[in-house]
Amino acid sequence: MRKVAAYAGTRNLYEVMKTAVTSLLQNNSMDDVYLLIEDEEYPYEMPENVHIANVQDQTYFPEDGANFK
């Protein structure tokens, strides 16, 4: 079974995310970690099994739904 983790955060949390991911990789046998961020680039170097995606313009709730705002 593959072990996968995902973290999401604004640029104010990038340094904390780096610390959390580093600890996770050092203390667990994770196959992949995904970082969902709000910028084109993540300002810290991460191992190859850490995948980074810019989700700034993504909408996860329908515009007419109760959770949109």
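The following dialogue goes through a predicted model and asks how its features get their names.

Student: What makes up the protein chain, and in what pattern?

Tutor: The protein chain has one helix and three strands. Read along the sequence, they follow the pattern β-α-β-β.

Student: How do you know that strands β1 and β2 pair?

Tutor: Pairing needs at least two bridges between the strands. Five bridges join β1, residues 4–8, to β2, residues 32–37, so the two count as paired. The strands run parallel. As one example of a bridge, Ala8 has Leu36 in β2 as its partner.

Student: What kind of unit do β1, α1 and β2 make?

Tutor: Together with helix α1, residues 14–27, the strands β1 and β2 make a right-handed β-α-β unit. The term right-handed applies because, with the strands pointing away from the viewer, the path from the first strand over the helix to the second runs clockwise.

Student: Why is Asp32 called buried or exposed?

Tutor: Asp32 is found in strand β2. Its relative accessibility is 10%, and buried means under 20%, so Asp32 counts as buried.

Student: Which residues is Asp32 in contact with, leaving aside its neighbours within four places in sequence?

Tutor: Asp32 is in contact with Arg2, Lys3, Val4, Ala5, Asn49 and His51.

Student: What makes the pair of Asp32 and Arg2 a salt bridge?

Tutor: The cut-off is 4 Å between a side-chain nitrogen of Lys or Arg and a carboxyl oxygen of Asp or Glu. In this pair the closest N and O atoms are 1.9 Å apart, so the pair is within the cut-off and is a salt bridge. Asp32 lies in strand β2 and Arg2 in the segment before β1, so the salt bridge ties together parts 30 residues apart in sequence.

Student: Is Arg2 buried or exposed?

Tutor: Arg2 has 54% relative accessibility. Exposed means over 50%, so Arg2 counts as exposed.

Student: How many salt bridges are there in the whole structure?

Tutor: A search finds three. Besides the pair of Asp32 and Arg2, Arg11 forms a salt bridge with Glu38, the closest N and O atoms being 3.3 Å apart. Arg11 lies in the loop between β1 and α1 and Glu38 in the loop between β2 and β3, so this pair ties together parts 27 residues apart in sequence. Arg11 also meets Asp39 in a salt bridge, at 2.6 Å from N to O. That pair links distant parts of the chain, 28 residues apart.

Student: What joins Arg11, Glu38 and Asp39 into one network?

Tutor: Salt bridges that share partners do so. Arg11 takes part in the salt bridge with Glu38 and in the one with Asp39.

Student: Why is Arg11 not simply called buried or exposed?

Tutor: Arg11 has 45% relative accessibility. That value lies between 20% and 50%, so Arg11 counts as partly exposed.

Student: Why is the pair of Tyr14 and Tyr42 called tilted?

Tutor: The ring centres are 5.2 Å apart, and rings pair if their centres lie within 6.5 Å. The planes are at 55°, which is neither under 30 degrees nor over 60, so the pair is tilted. Tyr14 lies in helix α1 and Tyr42 in the loop between β2 and β3, so the pair ties together parts 28 residues apart in sequence. Tyr14 is buried at 4% relative accessible area, and Tyr42 counts as buried at 9%.

Student: What makes the pair of Tyr42 and Tyr44 edge-to-face?

Tutor: The angle between their planes is 65°. Over 60 degrees counts as edge-to-face, so the name fits. The centres are 5.6 Å apart. Ring pairs link Tyr14, Tyr42 and Tyr44 into a cluster. Within this cluster, Tyr44 counts as partly exposed at 27% relative accessibility.

Student: How do you know that the charged end of Lys18 sits over the ring of Tyr44?

Tutor: The charged end of Lys18 is 5.4 Å from the ring centre of Tyr44. The distance cut-off is 6 Å, and the charge must also be within 35 degrees of the ring normal. Lys18 is listed as sitting over the ring.

Note on methods:
Residues are numbered from 1 along each chain as its sequence is written. This is a predicted model: local features need pLDDT of at least 70, side-chain atom pairs count only at pLDDT 80 or more; totals for chains, interfaces and linings use all residues. Side-chain values use heavy atoms; hydrogens and water are left out. Helices (H or I, at least four residues) and strands (E, at least two) are DSSP runs, numbered from the N terminus. Buried means under 20% relative accessible area, exposed over 50%, partly exposed in between (1.4 Å probe, protein chains only). Contact means heavy atoms within 4.5 Å. Rings of Phe, Tyr and Trp (its six-membered ring) pair if their centres lie within 6.5 Å; planes under 30 degrees apart count as stacked, over 60 as edge-to-face and the rest as tilted.
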